[in-house]
Amino acid sequence: MSIRKRLLAVVLTLTLLIACAPAVLAAEVQNTAAPAFTDVDASAYYSEGVTYMVENGYMNGVSATLFAPDGTITRGMVVTILYRMAGTPAAGFQGTFADVTEDAYYGLAVEWAAANGLATGYDNGKFGPDDAVTRQQLAAFLWRYAKFTGADVSVGEDTNILSYTDALSVAEYAVEPMQWACGAGILQGSDGSLLPDVSATRGQFATMIFRFTAPKVKEITVASTTRDGVIPVYVTLPYGYDPAETYPMVILCHGHGGNHNEWGGFDKITNGLARKGIIAVTLDYPGCGISAESFQLNTMTNMKADTLDTLNYVLKNYSADKDNVGIFGYSMGGRITLELLAEERFDFAAVELVAPAEDTEDLKDLFGGKDNWPVLKAEAEEKGYAEWTTIYGQHQELSKAWFADLEKYADGLAEAAAAKYDGPSLVIYATNDEAVHPAVSAAVAETMGSQVLNTYADGHSYSFYGSDPHTISTVNGGSISFFTEQLLGK
């Protein structure tokens, strides 16, 4: 039975769901987020840093419910965190400092830090593990750790910190570390001041580490195999990316008229994937983002080819595992994904669809309805393209080939994809989606045997343009958790 024949039944089911409290449908995707600390507000500047540090086991709360973000961070805490970030390498206890015992939580970390030049003690032979750490000392600790890991500490070395009102109070030993930290965006002043001698907090250090470990984005162009143009591509690499190692990869396909990161909306997902050790790749389809091509080239044929060209380029030039590649498709990007599956163009290890534009009849409502579709199509047949302004105010030139491509799979696309792909998949959709009817998404999920996450807010905006916390958590957290589990087995 085709997906179109299921829609009425799904619509009735959705009507009941929308009337009830928001729920997860089908198999649930577990969000492996950090514990919810009562003293860490989601809007606080340190929120992301705290979550990152706790999720990775670098920092713990002071209790099951408290993190103490405003609590003072000590020398013992700092070296312990850096020691954990380094992978807790073997470190024999030598009794280097009179006030550090082997059974202390920071014992081996202090020995490791001293042996590798990350920390020194005082003239009296003590380390002072419980002493508070100032902001400039924190910068120095992290600067030494950065050099230890081989990171580029030249970034920001020419930064003129004299623009800060208290720059002259920075200690001589900390000038270079502070220049680096400020220039690399790791340390930021407060009201024009660096506050170098002010004691740092746990929340501040978590934020500095989060910024320090930010994924690196490579902006490149890839030659198209179907035309003379080039494809703008963005490769987000995990922190500490090593070409000698092999990484899973996820490619994200944007929606109709969107761009590579949906104007910043994909960043949370791409950065989140990279922080988990997954290469994340996005691209601008023809006529979108910084693409120099006409939107008339924005056809399913070209977009599928661009996706594969990008995949092949990254697999050839970066250390991505060709047997461990996932694909994420939003809206029209979801249709691109389904067509690639149906045509067996690539063997994907995991598939995520966010409001996939699978149904051509449903899509017609976005272009003036079923009665207006043949009018636009006739215009395209006559002059090569039809002019259209979307419900979001975008003026587009829809080519003759654009119509032909969408009518190629007028029905049965999800069935065709399911017949060729039986791997893990996730479908996310909103029960109030105004662009892709939620019944379409639900039917795709049923046909594909997908795990499902749904939200009740933000319509077709999802976390990319939406602001509802539940939607943001569902889409971002669910996506990262899904690919982490499927590609990394975590």
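**Reading contacts, strands and cysteines**

Me: Leaving aside its neighbours within four places in sequence, which residues is Leu-108 in contact with?
Reply: Leu-108 is in contact with Tyr-83, Ala-91, Gly-92 and Phe-93, once neighbours within four places in sequence are set aside. Keep in mind that this is a predicted model. Leu-108 itself sits in helix H4, which covers residues 107-115.

Me: How far apart are Leu-108 and Ala-90 in sequence and in space?
Reply: Along the sequence, 18 residues separate Leu-108 from Ala-90, and from C-alpha to C-alpha the distance is 8.5 Å.

Me: Is Leu-108 buried, exposed or partly exposed?
Reply: Here a cut-off helps: buried means under 20% relative accessible area, and exposed means over 50%. Leu-108 has 32% relative accessibility, so it counts as partly exposed.

Me: Now the sheet, please. What is the order of its strands?
Reply: Read across the sheet, the eight strands come as S1-S2-S4-S3-S5-S6-S9-S10; the sheet is open and its pairing is mixed. Strand S1 (216-223) and strand S10 (451-455) each have a single partner strand, so each stands at an edge with one side lacking a neighbour in the sheet. From one strand to the next, the twist averages 20°.

Me: Which strands does helix H8 touch?
Reply: Helix H8 (residues 267-275) packs on the sheet and touches S2 (230-237), S3 (247-253), S4 (279-283) and S5. The direction of H8 makes about 50° with that of S2.

Me: How do S5 and S6 pair, and over how many bridges?
Reply: Strand S5 (residues 320-330) and strand S6 (residues 350-354) pair in the parallel sense, with five bridges. You can follow this pairing residue by residue: Gly-326 has Ala-350 of S6 as its bridge partner, and Tyr-330 has Val-354 of S6. Along the chain, S5, helix H10 (residues 332-342) and S6 make a β-α-β unit that is right-handed.

Me: How many bridges join S3 to S5?
Reply: Six bridges join S3 to S5, and these strands run parallel. Look for Met-249 standing opposite Val-325 of S5.

Me: Why is S5 described as largely enclosed by the rest of the structure?
Reply: Count its buried residues: eight of the eleven in S5 are buried, so the strand is largely enclosed. One general idea for viewing any strand is that, when it is regular, side chains alternate between the two faces of the sheet. For a single position, try Asn-324, which is found in S5. Asn-324 counts as buried because its relative accessibility is 14%. Beyond its neighbours within four places in sequence, Asn-324 is in contact with Pro-248, Met-249, Ala-349, Gln-486 and Leu-487.

Me: How many disulfides does a search of the whole structure find?
Reply: The search finds zero disulfides. For Cys-253, which is in no disulfide, the nearest cysteine sulfur is that of Cys-288, 12 Å away. The reverse reading holds too: Cys-288 is in no disulfide, and its nearest cysteine sulfur is that of Cys-253. To judge such a distance, recall that a disulfide needs the two sulfur atoms within 2.5 Å.

Me: And are Cys-253 and Cys-288 buried or exposed?
Reply: Cys-253 is buried, at 0% relative accessible area. Cys-288 is buried as well, with a value of 2%.

Methods:
Residues are numbered from 1 along each chain as its sequence is written. This is a predicted model: local features need pLDDT of at least 70, side-chain atom pairs count only at pLDDT 80 or more; totals for chains, interfaces and linings use all residues. Side-chain values use heavy atoms; hydrogens and water are left out. Two strands pair if DSSP finds at least two bridges between them. Helices (H or I, at least four residues) and strands (E, at least two) are DSSP runs, numbered from the N terminus. Axes are lines fitted to C-alpha atoms, for helices over the stretch in contact, and angles run from 0 to 180 degrees between N-to-C directions. Contact means heavy atoms within 4.5 Å. Buried means under 20% relative accessible area, exposed over 50%, partly exposed in between (1.4 Å probe, protein chains only). A crossover is right-handed if, with the strands pointing away from the viewer, the path from the first strand over the helix to the second runs clockwise.
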